[in-house]
Amino acid sequence: MIFVSLGQNIMLKIQENYSLNNLTTIKVGGAASFFARVKNVNELKEALEYAHHHSLNIFVISGGSNVVVSEHGFHGLAIQININGFEVIRENKQQAVLKIGAGEVWDKVVKRAVANGWWGIENLSWIPGRIGACAVQNSGAYGQEISDVIDEIKALEIASGKIKIFKKDKCEYGYRQSVFNTRIAGKFIIVEVVLKLSKKENLKIDYPDVKKYFKERSLEQPSLRQIRQAIIYTRSNKLPDMSKVGNAGSFFKNVMISRSEFQGLVKNLEKNFGQSEADKAVELKEKFKIAGGVKIPTAWLIDICGLKGTQVGYVKVYEKQPLVLVTEPSKATADEVMRLFRKVRQAVYQKTGMKLLPEPRLVGFTDEELEGYFKLDENRYS
Ligand code: EPU
(Lines give C-alpha, C1' and ligand atoms only; values in the text may rest on other atoms or scores of the structure.)
Protein backbone atom coordinates (compact mmCIF):
# COMPACT_ATOMS: atom_id res chain seq x y z
CA MET A 1 0.00 0.00 0.00
CA ILE A 2 1.24 3.47 -0.86
CA PHE A 3 0.05 6.68 0.78
CA VAL A 4 0.31 10.03 -0.98
CA SER A 5 0.10 13.06 1.25
CA LEU A 6 -2.59 15.60 0.46
CA GLY A 7 -1.41 17.99 3.20
CA GLN A 8 -3.07 18.56 6.57
CA ASN A 9 -2.72 14.87 7.41
CA ILE A 10 -4.96 13.77 4.55
CA MET A 11 -3.65 10.77 2.68
CA LEU A 12 -4.67 9.25 -0.62
CA LYS A 13 -4.41 5.46 -0.48
CA ILE A 14 -2.94 3.79 -3.56
CA GLN A 15 -3.24 0.00 -3.62
CA GLU A 16 -0.97 -2.26 -5.63
CA ASN A 17 -2.00 -5.21 -7.79
CA TYR A 18 -5.70 -4.54 -7.18
CA SER A 19 -8.20 -6.94 -8.78
CA LEU A 20 -10.61 -5.12 -11.12
CA ASN A 21 -12.74 -8.21 -11.72
CA ASN A 22 -15.20 -7.37 -8.95
CA LEU A 23 -15.33 -3.70 -9.83
CA THR A 24 -16.90 -4.62 -13.16
CA THR A 25 -20.37 -6.06 -13.58
CA ILE A 26 -19.25 -8.56 -16.26
CA LYS A 27 -16.88 -9.98 -13.64
CA VAL A 28 -13.94 -11.01 -15.77
CA GLY A 29 -10.39 -9.75 -16.12
CA GLY A 30 -7.24 -9.18 -14.13
CA ALA A 31 -5.78 -6.61 -11.79
CA ALA A 32 -4.60 -3.02 -12.07
CA SER A 33 -0.96 -2.47 -11.12
CA PHE A 34 -2.15 0.48 -9.00
CA PHE A 35 -5.59 1.52 -7.81
CA ALA A 36 -7.02 4.58 -6.06
CA ARG A 37 -10.55 5.65 -5.05
CA VAL A 38 -11.08 9.38 -5.13
CA LYS A 39 -13.83 11.23 -3.25
CA ASN A 40 -13.21 14.76 -4.48
CA VAL A 41 -11.38 16.83 -7.08
CA ASN A 42 -8.31 17.30 -4.86
CA GLU A 43 -7.86 13.56 -4.44
CA LEU A 44 -8.33 13.12 -8.17
CA LYS A 45 -5.61 15.69 -8.88
CA GLU A 46 -3.33 13.94 -6.42
CA ALA A 47 -3.91 10.56 -8.08
CA LEU A 48 -3.16 12.10 -11.49
CA GLU A 49 0.00 13.68 -10.12
CA TYR A 50 1.11 10.28 -8.82
CA ALA A 51 0.49 8.70 -12.23
CA HIS A 52 2.36 11.51 -13.97
CA HIS A 53 5.30 11.29 -11.58
CA HIS A 54 5.61 7.51 -12.08
CA SER A 55 4.82 7.61 -15.83
CA LEU A 56 1.73 5.44 -15.38
CA ASN A 57 -1.15 5.22 -17.81
CA ILE A 58 -4.49 5.88 -16.21
CA PHE A 59 -7.84 4.17 -16.53
CA VAL A 60 -10.93 5.78 -15.06
CA ILE A 61 -13.53 3.38 -13.75
CA SER A 62 -16.88 4.31 -12.29
CA GLY A 63 -19.69 1.76 -11.82
CA GLY A 64 -17.86 -0.77 -14.03
CA SER A 65 -21.05 -1.70 -15.88
CA ASN A 66 -19.79 -0.90 -19.35
CA VAL A 67 -16.24 -2.15 -19.37
CA VAL A 68 -14.35 -5.38 -20.06
CA VAL A 69 -10.87 -5.70 -18.56
CA SER A 70 -8.45 -8.16 -20.16
CA GLU A 71 -7.02 -11.15 -18.30
CA HIS A 72 -3.65 -9.38 -18.04
CA GLY A 73 -5.38 -6.53 -16.26
CA PHE A 74 -4.39 -2.91 -16.62
CA HIS A 75 -0.76 -1.77 -16.46
CA GLY A 76 -1.04 1.61 -14.81
CA LEU A 77 -3.19 3.43 -12.28
CA ALA A 78 -6.91 2.67 -12.22
CA ILE A 79 -8.88 5.49 -10.60
CA GLN A 80 -12.40 4.96 -9.33
CA ILE A 81 -14.46 8.15 -9.23
CA ASN A 82 -16.40 8.21 -5.97
CA ILE A 83 -17.27 11.91 -6.08
CA ASN A 84 -20.73 12.32 -4.57
CA GLY A 85 -23.13 15.22 -4.18
CA PHE A 86 -26.70 16.09 -5.15
CA GLU A 87 -27.87 19.67 -4.99
CA VAL A 88 -30.77 21.65 -6.47
CA ILE A 89 -29.05 24.78 -7.73
CA ARG A 90 -32.03 26.51 -9.39
CA GLU A 91 -35.72 25.85 -9.35
CA ASN A 92 -38.80 27.57 -10.67
CA LYS A 93 -42.30 26.55 -11.75
CA GLN A 94 -41.04 25.00 -14.97
CA GLN A 95 -37.83 23.23 -14.06
CA ALA A 96 -35.30 22.05 -11.52
CA VAL A 97 -31.58 22.31 -12.19
CA LEU A 98 -29.44 19.78 -10.33
CA LYS A 99 -25.71 19.61 -9.69
CA ILE A 100 -24.65 16.01 -9.24
CA GLY A 101 -21.26 14.46 -8.37
CA ALA A 102 -19.95 12.16 -11.13
CA GLY A 103 -19.81 9.19 -8.74
CA GLU A 104 -23.50 9.20 -7.83
CA VAL A 105 -25.31 5.98 -8.75
CA TRP A 106 -27.47 6.77 -11.76
CA ASP A 107 -30.62 4.95 -10.66
CA LYS A 108 -30.61 6.76 -7.32
CA VAL A 109 -30.67 10.03 -9.25
CA VAL A 110 -33.64 8.79 -11.30
CA LYS A 111 -35.45 7.62 -8.17
CA ARG A 112 -35.02 11.04 -6.54
CA ALA A 113 -36.14 12.87 -9.66
CA VAL A 114 -39.29 10.74 -9.90
CA ALA A 115 -40.06 11.20 -6.18
CA ASN A 116 -39.80 14.99 -6.64
CA GLY A 117 -42.00 15.08 -9.74
CA TRP A 118 -39.22 16.04 -12.16
CA TRP A 119 -39.58 14.73 -15.73
CA GLY A 120 -36.96 13.73 -18.28
CA ILE A 121 -35.07 10.69 -16.98
CA GLU A 122 -37.85 8.34 -15.82
CA ASN A 123 -37.40 6.06 -18.87
CA LEU A 124 -33.74 5.67 -17.89
CA SER A 125 -34.73 3.88 -14.68
CA TRP A 126 -32.66 0.89 -13.64
CA ILE A 127 -29.74 1.61 -15.93
CA PRO A 128 -26.68 0.45 -14.00
CA GLY A 129 -23.62 2.61 -13.46
CA ARG A 130 -22.92 6.10 -12.25
CA ILE A 131 -23.89 9.45 -13.68
CA GLY A 132 -20.37 10.39 -14.90
CA ALA A 133 -20.17 7.32 -17.12
CA CYS A 134 -23.78 7.74 -18.30
CA ALA A 135 -22.85 11.28 -19.42
CA VAL A 136 -19.75 10.04 -21.28
CA GLN A 137 -21.58 7.36 -23.26
CA ASN A 138 -24.93 9.13 -23.54
CA SER A 139 -26.89 6.27 -21.99
CA GLY A 140 -30.29 5.83 -23.52
CA ALA A 141 -33.37 3.65 -23.28
CA TYR A 142 -37.03 3.67 -24.27
CA GLY A 143 -36.86 6.89 -26.26
CA GLN A 144 -34.88 9.01 -23.78
CA GLU A 145 -31.18 9.79 -23.63
CA ILE A 146 -29.28 11.48 -20.83
CA SER A 147 -28.14 14.14 -23.32
CA ASP A 148 -31.78 15.34 -23.54
CA VAL A 149 -31.48 16.75 -20.01
CA ILE A 150 -27.80 17.64 -19.70
CA ASP A 151 -27.20 21.33 -19.08
CA GLU A 152 -23.45 21.31 -18.57
CA ILE A 153 -20.56 19.10 -17.54
CA LYS A 154 -17.62 19.94 -15.31
CA ALA A 155 -14.49 17.98 -16.21
CA LEU A 156 -10.87 17.95 -15.15
CA GLU A 157 -8.32 18.22 -17.92
CA ILE A 158 -5.69 15.56 -17.23
CA ALA A 159 -2.77 17.41 -18.86
CA SER A 160 -3.31 20.76 -17.13
CA GLY A 161 -5.15 19.73 -13.95
CA LYS A 162 -7.64 22.51 -14.73
CA ILE A 163 -11.41 22.30 -14.48
CA LYS A 164 -13.34 23.07 -17.67
CA ILE A 165 -17.05 23.55 -18.17
CA PHE A 166 -18.67 22.00 -21.24
CA LYS A 167 -22.08 23.43 -22.06
CA LYS A 168 -24.33 20.77 -23.58
CA ASP A 169 -23.81 22.01 -27.17
CA LYS A 170 -20.05 21.47 -26.75
CA CYS A 171 -20.52 17.82 -25.70
CA GLU A 172 -21.15 16.61 -29.29
CA TYR A 173 -23.74 14.07 -28.27
CA GLY A 174 -24.78 11.22 -30.57
CA TYR A 175 -25.90 7.59 -30.20
CA ARG A 176 -23.87 6.25 -27.25
CA GLN A 177 -21.25 8.89 -27.86
CA SER A 178 -20.01 12.28 -26.76
CA VAL A 179 -16.88 14.37 -27.18
CA PHE A 180 -15.56 12.54 -24.08
CA ASN A 181 -15.42 9.13 -25.74
CA THR A 182 -14.51 10.38 -29.22
CA ARG A 183 -12.56 13.57 -30.04
CA ILE A 184 -11.08 14.21 -26.59
CA ALA A 185 -11.25 10.64 -25.25
CA GLY A 186 -8.77 10.07 -22.43
CA LYS A 187 -8.06 13.78 -21.99
CA PHE A 188 -10.76 14.79 -19.49
CA ILE A 189 -12.38 13.22 -16.43
CA ILE A 190 -15.95 14.21 -15.62
CA VAL A 191 -16.35 15.33 -12.00
CA GLU A 192 -19.82 16.86 -12.01
CA VAL A 193 -22.94 16.83 -14.16
CA VAL A 194 -25.66 19.50 -14.24
CA LEU A 195 -29.11 18.26 -15.29
CA LYS A 196 -32.12 20.36 -16.21
CA LEU A 197 -35.35 18.48 -15.49
CA SER A 198 -38.86 19.59 -16.32
CA LYS A 199 -41.67 20.00 -13.82
CA LYS A 200 -44.17 19.80 -16.66
CA GLU A 201 -45.50 16.41 -17.67
CA ASN A 202 -43.69 15.14 -20.75
CA LEU A 203 -44.84 11.63 -21.60
CA LYS A 204 -42.52 9.52 -23.75
CA ILE A 205 -44.28 6.19 -23.82
CA ASP A 206 -44.26 5.39 -27.54
CA TYR A 207 -41.41 2.87 -27.42
CA PRO A 208 -42.95 -0.53 -28.35
CA ASP A 209 -42.37 -2.35 -25.02
CA VAL A 210 -43.56 0.56 -22.92
CA LYS A 211 -46.58 1.22 -25.13
CA LYS A 212 -47.58 -2.42 -24.80
CA TYR A 213 -47.23 -2.31 -20.99
CA PHE A 214 -49.61 0.65 -20.64
CA LYS A 215 -52.05 -0.62 -23.26
CA GLU A 216 -52.41 -3.91 -21.41
CA ARG A 217 -53.22 -1.95 -18.24
CA SER A 218 -55.42 0.62 -20.04
CA LEU A 219 -53.37 3.49 -18.65
CA GLU A 220 -53.29 6.45 -21.03
CA GLN A 221 -51.83 9.11 -18.74
CA PRO A 222 -49.46 7.24 -16.42
CA SER A 223 -47.77 9.12 -13.59
CA LEU A 224 -44.00 9.44 -13.26
CA ARG A 225 -44.02 6.67 -10.66
CA GLN A 226 -46.03 4.39 -12.95
CA ILE A 227 -43.57 5.01 -15.79
CA ARG A 228 -40.63 4.14 -13.55
CA GLN A 229 -42.49 1.00 -12.49
CA ALA A 230 -43.15 0.07 -16.13
CA ILE A 231 -39.50 0.52 -17.09
CA ILE A 232 -38.22 -1.51 -14.14
CA TYR A 233 -40.73 -4.25 -14.97
CA THR A 234 -39.71 -4.28 -18.66
CA ARG A 235 -35.97 -4.20 -17.98
CA SER A 236 -36.10 -6.88 -15.30
CA ASN A 237 -38.01 -9.16 -17.66
CA LYS A 238 -35.52 -8.77 -20.47
CA LEU A 239 -32.18 -8.15 -18.83
CA PRO A 240 -30.30 -10.44 -16.46
CA ASP A 241 -29.99 -9.67 -12.76
CA MET A 242 -26.61 -8.00 -12.24
CA SER A 243 -26.33 -9.52 -8.76
CA LYS A 244 -26.64 -13.10 -10.06
CA VAL A 245 -24.76 -13.30 -13.35
CA GLY A 246 -22.02 -11.20 -14.85
CA ASN A 247 -22.93 -8.94 -17.78
CA ALA A 248 -22.25 -5.49 -19.16
CA GLY A 249 -25.75 -4.64 -20.40
CA SER A 250 -25.87 -4.51 -24.18
CA PHE A 251 -22.58 -5.92 -25.44
CA PHE A 252 -23.35 -4.90 -29.03
CA LYS A 253 -24.37 -1.51 -30.34
CA ASN A 254 -27.40 -1.28 -32.55
CA VAL A 255 -26.64 -1.09 -36.26
CA MET A 256 -26.68 2.43 -37.72
CA ILE A 257 -26.32 2.43 -41.49
CA SER A 258 -26.90 4.61 -44.54
CA ARG A 259 -29.89 4.10 -46.81
CA SER A 260 -27.73 2.45 -49.48
CA GLU A 261 -26.17 0.07 -46.94
CA PHE A 262 -29.71 -0.78 -45.90
CA GLN A 263 -30.48 -1.86 -49.48
CA GLY A 264 -27.48 -4.23 -49.26
CA LEU A 265 -28.79 -5.64 -45.99
CA VAL A 266 -32.23 -6.25 -47.49
CA LYS A 267 -30.64 -8.17 -50.41
CA ASN A 268 -28.61 -10.35 -48.02
CA LEU A 269 -31.69 -11.06 -45.90
CA GLU A 270 -33.69 -12.02 -48.99
CA LYS A 271 -30.95 -14.39 -50.10
CA ASN A 272 -30.21 -16.01 -46.74
CA PHE A 273 -33.54 -15.87 -44.90
CA GLY A 274 -36.24 -15.30 -47.53
CA GLN A 275 -38.70 -12.52 -48.28
CA SER A 276 -40.38 -12.43 -44.87
CA GLU A 277 -37.20 -11.36 -43.01
CA ALA A 278 -36.39 -8.83 -45.75
CA ASP A 279 -39.87 -7.35 -45.20
CA LYS A 280 -39.33 -7.39 -41.46
CA ALA A 281 -36.18 -5.27 -41.89
CA VAL A 282 -38.26 -2.64 -43.70
CA GLU A 283 -40.83 -2.78 -40.89
CA LEU A 284 -38.13 -2.38 -38.20
CA LYS A 285 -36.58 0.51 -40.11
CA GLU A 286 -39.91 2.35 -39.79
CA LYS A 287 -40.44 1.32 -36.16
CA PHE A 288 -37.03 2.56 -35.00
CA LYS A 289 -36.91 5.59 -37.29
CA ILE A 290 -33.91 7.90 -36.88
CA ALA A 291 -32.93 11.08 -38.67
CA GLY A 292 -30.44 10.81 -41.54
CA GLY A 293 -29.96 7.04 -41.65
CA VAL A 294 -31.33 3.65 -40.68
CA LYS A 295 -31.30 1.95 -37.26
CA ILE A 296 -31.71 -1.81 -37.16
CA PRO A 297 -31.91 -3.63 -33.81
CA THR A 298 -28.84 -5.83 -33.50
CA ALA A 299 -30.85 -8.06 -31.13
CA TRP A 300 -33.02 -9.00 -34.12
CA LEU A 301 -30.03 -9.74 -36.39
CA ILE A 302 -28.48 -12.00 -33.72
CA ASP A 303 -31.86 -13.63 -33.17
CA ILE A 304 -32.54 -14.49 -36.85
CA CYS A 305 -29.00 -15.84 -37.19
CA GLY A 306 -29.99 -18.38 -34.51
CA LEU A 307 -27.31 -17.32 -32.06
CA LYS A 308 -29.30 -17.03 -28.83
CA GLY A 309 -27.75 -19.28 -26.21
CA THR A 310 -24.47 -19.64 -28.16
CA GLN A 311 -21.64 -20.27 -25.72
CA VAL A 312 -17.88 -19.98 -25.50
CA GLY A 313 -16.63 -21.48 -22.24
CA TYR A 314 -18.54 -19.86 -19.40
CA VAL A 315 -19.97 -17.01 -21.49
CA LYS A 316 -23.32 -17.14 -23.25
CA VAL A 317 -25.56 -15.06 -25.53
CA TYR A 318 -28.52 -14.26 -23.24
CA GLU A 319 -31.73 -15.89 -24.49
CA LYS A 320 -34.17 -13.10 -23.57
CA GLN A 321 -32.06 -10.25 -24.96
CA PRO A 322 -29.29 -11.42 -27.30
CA LEU A 323 -27.45 -8.08 -27.16
CA VAL A 324 -26.30 -9.17 -23.72
CA LEU A 325 -23.47 -11.61 -23.04
CA VAL A 326 -23.77 -13.29 -19.63
CA THR A 327 -20.84 -14.74 -17.72
CA GLU A 328 -20.51 -17.20 -14.89
CA PRO A 329 -18.65 -15.22 -12.20
CA SER A 330 -15.28 -16.62 -11.07
CA LYS A 331 -15.26 -19.07 -14.02
CA ALA A 332 -15.59 -17.00 -17.20
CA THR A 333 -12.58 -15.22 -18.68
CA ALA A 334 -12.22 -12.00 -20.66
CA ASP A 335 -10.85 -14.06 -23.56
CA GLU A 336 -14.03 -16.17 -23.60
CA VAL A 337 -16.13 -12.99 -23.67
CA MET A 338 -14.16 -11.64 -26.61
CA ARG A 339 -14.15 -14.97 -28.48
CA LEU A 340 -17.93 -15.10 -28.16
CA PHE A 341 -18.08 -11.51 -29.41
CA ARG A 342 -16.00 -12.60 -32.44
CA LYS A 343 -18.17 -15.67 -33.04
CA VAL A 344 -21.43 -13.66 -33.03
CA ARG A 345 -19.84 -10.91 -35.12
CA GLN A 346 -18.57 -13.38 -37.73
CA ALA A 347 -21.89 -15.25 -37.97
CA VAL A 348 -23.94 -12.04 -38.32
CA TYR A 349 -21.49 -10.71 -40.91
CA GLN A 350 -21.68 -13.91 -42.96
CA LYS A 351 -25.46 -13.87 -43.15
CA THR A 352 -26.22 -10.14 -43.26
CA GLY A 353 -23.03 -8.26 -44.16
CA MET A 354 -23.36 -6.13 -40.98
CA LYS A 355 -20.21 -5.50 -38.92
CA LEU A 356 -21.24 -5.43 -35.26
CA LEU A 357 -19.46 -3.19 -32.78
CA PRO A 358 -19.08 -3.62 -29.02
CA GLU A 359 -20.69 -1.17 -26.63
CA PRO A 360 -18.42 -1.65 -23.56
CA ARG A 361 -14.98 -0.11 -23.30
CA LEU A 362 -12.24 -2.70 -23.79
CA VAL A 363 -9.36 -2.15 -21.38
CA GLY A 364 -5.91 -3.72 -21.12
CA PHE A 365 -6.04 -5.70 -24.40
CA THR A 366 -3.02 -5.52 -26.69
CA ASP A 367 -3.45 -4.21 -30.25
CA GLU A 368 -2.75 -7.73 -31.58
CA GLU A 369 -5.44 -9.22 -29.35
CA LEU A 370 -7.97 -6.63 -30.46
CA GLU A 371 -7.07 -7.20 -34.08
CA GLY A 372 -7.71 -10.91 -33.59
CA TYR A 373 -11.08 -10.39 -31.90
CA PHE A 374 -12.23 -7.92 -34.57
CA LYS A 375 -10.87 -9.72 -37.64
CA LEU A 376 -13.60 -10.91 -39.95
CA ASP A 377 -13.11 -13.84 -42.28
CA GLU A 378 -14.14 -12.09 -45.51
CA ASN A 379 -14.03 -15.38 -47.45
CA ARG A 380 -16.85 -16.71 -45.39
CA TYR A 381 -19.11 -13.81 -46.35
CA SER A 382 -22.01 -15.11 -48.40
N1 EPU B 1 -35.56 -8.25 -30.79
C2 EPU B 1 -35.61 -9.48 -31.38
N3 EPU B 1 -35.28 -10.58 -30.63
C4 EPU B 1 -34.97 -10.49 -29.32
C5 EPU B 1 -34.91 -9.23 -28.70
C6 EPU B 1 -35.22 -8.11 -29.46
O7 EPU B 1 -35.92 -9.61 -32.55
O8 EPU B 1 -34.68 -11.53 -28.71
C9 EPU B 1 -35.88 -7.07 -31.60
C10 EPU B 1 -37.33 -6.65 -31.48
O11 EPU B 1 -37.79 -6.23 -32.73
C12 EPU B 1 -37.27 -5.47 -30.56
C13 EPU B 1 -35.94 -4.88 -30.98
O14 EPU B 1 -35.11 -5.99 -31.22
O15 EPU B 1 -38.35 -4.60 -30.77
C16 EPU B 1 -35.32 -3.97 -29.98
O17 EPU B 1 -35.14 -4.66 -28.75
P18 EPU B 1 -35.21 -3.86 -27.37
O19 EPU B 1 -36.45 -3.08 -27.31
O20 EPU B 1 -34.95 -4.83 -26.27
O21 EPU B 1 -34.04 -2.79 -27.45
P22 EPU B 1 -32.58 -2.86 -28.08
O23 EPU B 1 -32.55 -1.94 -29.23
O24 EPU B 1 -32.21 -4.26 -28.30
C25 EPU B 1 -31.64 -0.82 -26.73
C26 EPU B 1 -30.48 -0.51 -25.83
C27 EPU B 1 -30.73 -1.01 -24.41
C28 EPU B 1 -32.02 -0.37 -23.91
C29 EPU B 1 -33.16 -0.76 -24.88
C30 EPU B 1 -34.49 -0.13 -24.52
C31 EPU B 1 -28.53 -0.49 -27.29
C32 EPU B 1 -27.30 -1.18 -27.74
N33 EPU B 1 -29.27 -1.11 -26.37
O34 EPU B 1 -31.72 -2.23 -26.86
O35 EPU B 1 -29.68 -0.53 -23.60
O36 EPU B 1 -32.34 -0.80 -22.61
O37 EPU B 1 -32.83 -0.30 -26.21
O38 EPU B 1 -34.56 1.16 -25.01
O39 EPU B 1 -28.81 0.61 -27.77
C40 EPU B 1 -27.55 -1.02 -22.69
O41 EPU B 1 -27.10 -0.16 -23.42
O42 EPU B 1 -26.81 -1.66 -21.87
C43 EPU B 1 -28.97 -1.37 -22.78
C44 EPU B 1 -29.47 -2.41 -22.15
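What joins the side chains of glutamate 359 and arginine 176? A polar contact of 3.1 Å does; the term stands for a pair of N or O atoms within 3.5 Å, where within protein one must be able to donate a hydrogen and the other to accept it, and residues adjacent in sequence count only if both atoms are side-chain atoms.

This is a predicted model, in which local features need pLDDT of at least 70 and side-chain atom pairs count only at pLDDT 80 or more, while totals for chains, interfaces and linings use all residues. Residues are numbered from 1 along each chain as its sequence is written, and side-chain values use heavy atoms, with hydrogens and water left out.

An unreviewed UniProt entry lists Arg176, Ser250 and Glu359 under "active site"; such annotations may be inferred rather than shown by experiment. These residues span 184 residues in sequence, yet no two of their C-alpha atoms are more than 11.4 Å apart, so they gather at one spot.

Two of them lie in loops between a helix and a strand (DSSP runs of H or I, at least four residues, and of E, at least two, numbered from the N terminus).

| Residue | Helix before the loop | Strand after the loop |
|---|---|---|
| Serine 250 | H5 (224-238) | S14 (255-257) |
| Glutamate 359 | H9 (334-352) | S19 (361-363) |

Leaving aside neighbours within four places in sequence, serine 250 is in contact (heavy atoms within 4.5 Å) with Leu323, Val324, Glu359 and Pro360. On the same basis, the contacts of glutamate 359 include Asn66, Arg176 and Ser250. Glutamate 359 is buried, at a relative accessible area of 14%; buried means under 20%, exposed over 50% and partly exposed in between, with a 1.4 Å probe and protein chains only.
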